[in-house]
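Please read this briefing alongside the sequence and the model. It deals with internal spaces, a surface patch and record annotations.

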Amino acid sequence: MNAHVTIHAPTAPADENVGAWLKILARYRQPRLGRSAFELVITLVPFVLFWTLAYLSLVNGVWLGLIAIVPAGFFLLRLFMIQHDCGHGSFFARRGLDDWTGRLIGVLTLTPYGYWRRAHAAHHASAGNLDERGIGDITTLTLEEYRALSPRGRLGYRLYRHPAVMFGIGPAFLFLFKQRLPFGMMKDGAQPWISTMGTNLGIAVVSALMIWAVGLVPFLVIHLPIVLIAGATGIWLFYVQHQFEETHWSKGDDWQFPKAALHGASHYDLPLALRWLTGNIGIHHVHHLASRIPYYRLPEVLRDHPQLAGIGRITLRDSFACVKLALWDEKRGRLLSFREAEGALAAA
């Protein structure tokens with residue numbers, strides 16, 4: 001097998017009884033309310049400060065100061081990670097407080113909280129299930145499905161999977177346009193519409209106030225790149241956490257939640273600063289197995305159970321090889337690049 005990503009084998013106890021981890025990890029589900037509030041403050045305040053610094057630099061002609069847009073983008077991403085935990089009910093573990101925190105943050109992240117929460121719940125419930133693809137996932141075809149496509153269909157899938165589309169055009173389209181309507185849930189009652197329209201109204205009000213305060217051009221010059229940086233980085237993280245070579249996909253009775261959760265998501269072992277800025281979301285295999293654990297307690301899990309750290313582990317350097325992987329080979333049980341896929345299809 002041609003290894004594109006370094007996968008470190010787990011020790012036997014972690015792999016023999018995957019279901020047992022559900023009981024073990026339940027001990028880490030309780031958030032610390034003071035810590036949660038502190039995490040919110042140390043994320044929101046720097047975001048506002050870096051945004052303000054970028055604005056002051058722009059109006060005073062200090063162009064170097066516009067570099068503040070980059071950390072502002074990462075702190076907006078971190079706000080999304082808090083919104084993400086609120087969606088799982090794990091940030092405060094109080095439904096009303098989590099929901100309203102998530103809704104308010106959604107105005108900044110351009111992500112309607114209720115709509116996103118439903119789509120993300122579907123993703124967690126079906127991750128790695130070939131029979132349940134389509135909601136909250138990056139579209140992934142099997143080798144046989146790709147083979148059955150017309151030349152035009154193959155071209156469309158290749159374009160969709162191109163890095164410029166996946167991490168450039170895609171995030172811009174998703175956050176600026178697609179999430180303005182409840183696509184995929186338009187027939188699911190009023191709740192997705194209330195969520196998206198309420199968020200749209202909040203975005204309009206906040207944007208109007210900001211434009212009144214700083215002007216249209218400064219607002220767009222500063223805030224649009226911040227949103228795009230946060231969005232592209234978020235899509236990259238989501239991609240790498242599920243699109244590594246030896247991820248897990250199965251169908252029918254072969255699909256089991258604990259195994260799919262633990263082996264279908266990676267442990268993206270990032271440097272410490274990036275780990276903090278991304279809300280430990282790289283410990284994604286543990287998150288999928290026990291999504292009610294607050295993000296700031298995920299490192300405790302790896303500290304207490306180091307055998308989990310090796311499952312699906314990829315480093316920052318390893319992760320760049322994941323960009324080539326696009327098709328699931330059911331026979332080999334791994335993701336292939338388009339070049340490998342064409343070779344396999346030619347051989348067949």
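What volume does the largest cavity have? The largest cavity has a volume of about 110 Å³. This is a predicted model, in which local features need pLDDT of at least 70 and side-chain atom pairs count only at pLDDT 80 or more, while totals for chains, interfaces and linings use all residues. Residues are numbered from 1 along each chain as its sequence is written, and side-chain values use heavy atoms, leaving out hydrogens and water.

**Cavity and pocket**
- One cavity of 30 Å³ or more is found in a search of the whole structure (a cavity is a set of points on a 1 Å grid over the protein atoms alone where a 1.4 Å probe fits but cannot get out).
- Residues lining the largest cavity, meaning those with an atom within 4 Å of a point, include H123, D137, F238 and W249.
- The largest pocket, an open set with protein on both sides within 12 Å along at least five of seven lines, has a volume of about 1,200 Å³.
- Of the 42 residues lining the largest pocket, G136, D137, L174, Q179 and I235 are the closest to its centre.

**Surface**
- L181, F183, M186, W193 and M197 form a nonpolar surface patch (side chains joined within 5 Å, each residue with over 30% relative accessible area and no salt bridge, that is, no Lys or Arg side-chain nitrogen within 4 Å of an Asp or Glu carboxyl oxygen).
- M186 counts as partly exposed (between 20% and 50%) because its relative accessibility is 36%.

**Record annotations**
- An unreviewed UniProt entry places "transmembrane region" at residues including 37-56 and 220-240; such annotations may be inferred rather than shown by experiment.
- Residues 37-56 are 100% helix, with end C-alpha atoms 29 Å apart.

Technical notes
Patch = residues over 30% accessible without salt bridge, like charges linked within 9 Å, V, L, I, M, F, W, Y side chains within 5 Å. Areas by Shrake-Rupley, 256 points an atom, 1.4 Å probe, with all protein chains shown as cover. Buried < 20%, exposed > 50% of the residue type's maximum accessible area, 1.4 Å probe, protein only. Helix = DSSP H or I, 4+ residues; strand = E, 2+ residues; numbered from the N terminus. Points joined across faces, edges and corners; volume = space filled by probe spheres on them.
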